[in-house]
Amino acid sequence: MEQIYQQIQELKKTRRAVILAHNYQTPEVQDIADYVGDSLDLSLTATKTKATTIIFCGVDFMAESAKLLNPKKTVILPDATASCPMAAMVDGESLSALMDKHPDADVVAYINTTAAVKALADICCTSANGVQVVKSRAAKQIIFVPDRNLGAYIQKQVPEKDMILWPGVCRTHHDITTDDIKTLHKKHPAAEILVHPECRPDVVELAHHVFSTNGMVKHAKTSPAQEFIIGTEQGLCYRLQKENPGKTFYSLPKALCENMKKITLEKVLKSLQTLEPQIELPTRIMQKARVPLQRMMELS
Ligand code: CIZ
Ligand code: SF4
């Protein structure tokens, strides 16, 4: 492990590469990264870096977003099969059909979408800024894709909008039940319950706070609570524990995203050696899909 770590550090310099890792990555990958964050944070970092190559440790839509914002840079996803099943729940054709039915609606695409879907959207959002993004639109009607749980959460915060929700979910979050949370809370009654808005509405209802992963990171630092139940993909608990050594974080073992765990140190090293597999997107899609992402960034 020490040797591969050294090799990555050295090659990173010769390649003028930066390693970005999502909060759900494995501990080893988080430890080798230059930046660890959520998709909004990492997209912002990707636009600011002077590196010529971005090694994106996450899933496809995140690396694609980095490419859309940095078309001249080499963007590498160390495992080309690391894909978000929720992003695959909506395609351009079916979204277009829904848009035809609601010609006055604005389309807000969660960043967890393919570039082809982003190309049809008015603006993108992440779980960190969804409420702000929906509020910012002039249209009353909003088509929101693909996460219906996040959409329902936003609708509750922004009752003045009329949101049409796509029926997609993230299984990693949707499969967390109120029983899972209650069982853990019985064992640790002093723990604060933090959940992600991709969780189902009854789980969101039960929580003390609802946050994106970076929101949880910020909150854990300042909260007087010493223990926390973390209702999101378990990888985040490694970062939380590392940054708050005196506090305790309880994860849900079933909240695991297999795609996020496909990136390994070996694959990171290999991608630095070969500069493969690169993200490549058709120019026409790139030009269109960049616009809603940039609109979101301007709001941030
Ligand atoms: O926006 C992201 O990075 C995701 C997928 C989760 C979160 O809330 O940070
Ligand atoms: Fe997609 Fe859910 Fe995995 Fe995130 S945790 S990449 S939304 S399947």
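Q: Which pocket is the space taken by ligand 1?
A: In this predicted model, the space taken by ligand 1 is the largest pocket (an open set of points on a 1 Å grid over the protein atoms alone, where a 1.4 Å probe fits, with protein on both sides within 12 Å along at least five of seven lines). Local features need pLDDT of at least 70 and side-chain atom pairs pLDDT 80 or more, while totals for chains, interfaces and linings use all residues, and side-chain values use heavy atoms, without hydrogens and water. Residues are numbered from 1 along each chain as its sequence is written, with chains lettered from A and ligands numbered from 1 in the order written.

Q: OK, and where does ligand 2 sit?
A: Ligand 2 sits in the largest pocket as well, with more than half of its atoms within 2 Å of the grid points.

Q: Back to ligand 1, which residues are around it?
A: Its shell, taken as residues with a heavy atom within 4 Å, consists of H22, Y24, D38, S39, S127, H196, S212 and T213.

Q: How many of those are polar, and how many nonpolar or charged?
A: By class, the shell around ligand 1 has six polar, one nonpolar and one charged residues, where Tyr counts as nonpolar and Asp as charged.

Q: What lies 2.6 Å from an oxygen atom of ligand 1?
A: A polar side-chain atom of H22 lies at that distance, and an N or O atom in the side chain of S39 is also 2.6 Å from an oxygen of ligand 1, while for S127 the corresponding distance is 2.5 Å. The protein covers 98% of the 270 Å² of accessible area that ligand 1 has on its own (Shrake-Rupley method, 1.4 Å probe).

Q: Which residues surround ligand 2, then?
A: Ligand 2 is surrounded by Y24, V59, C84, P85, M86, N112, C170, E198, C257 and M260, and by class this shell holds eight nonpolar, one polar and one charged residues.

Q: New topic: what domains is the chain divided into?
A: There are domain 1 (2-83 + 260-280), domain 2 (87-170 + 284-299) and domain 3 (176-254), with bounds from an automatic or database assignment. The shell around ligand 1 draws at least three residues from each of domain 1 and domain 3.

Q: And how many residues of domain 2 are in contact with domain 3?
A: Ten residues of domain 2 are in contact with ten of domain 3, counting heavy atoms within 4.5 Å, and the C-alpha centres of these two domains lie 27 Å apart.

How values were computed
A polar contact is a pair of N or O atoms within 3.5 Å; within protein, one must be able to donate a hydrogen and the other to accept it, and residues adjacent in sequence count only if both atoms are side-chain atoms. On a 1 Å grid over the protein atoms alone, a cavity is a set of points where a 1.4 Å probe fits but cannot get out, and a pocket is an open set with protein on both sides within 12 Å along at least five of seven lines; lining residues have an atom within 4 Å of a point.
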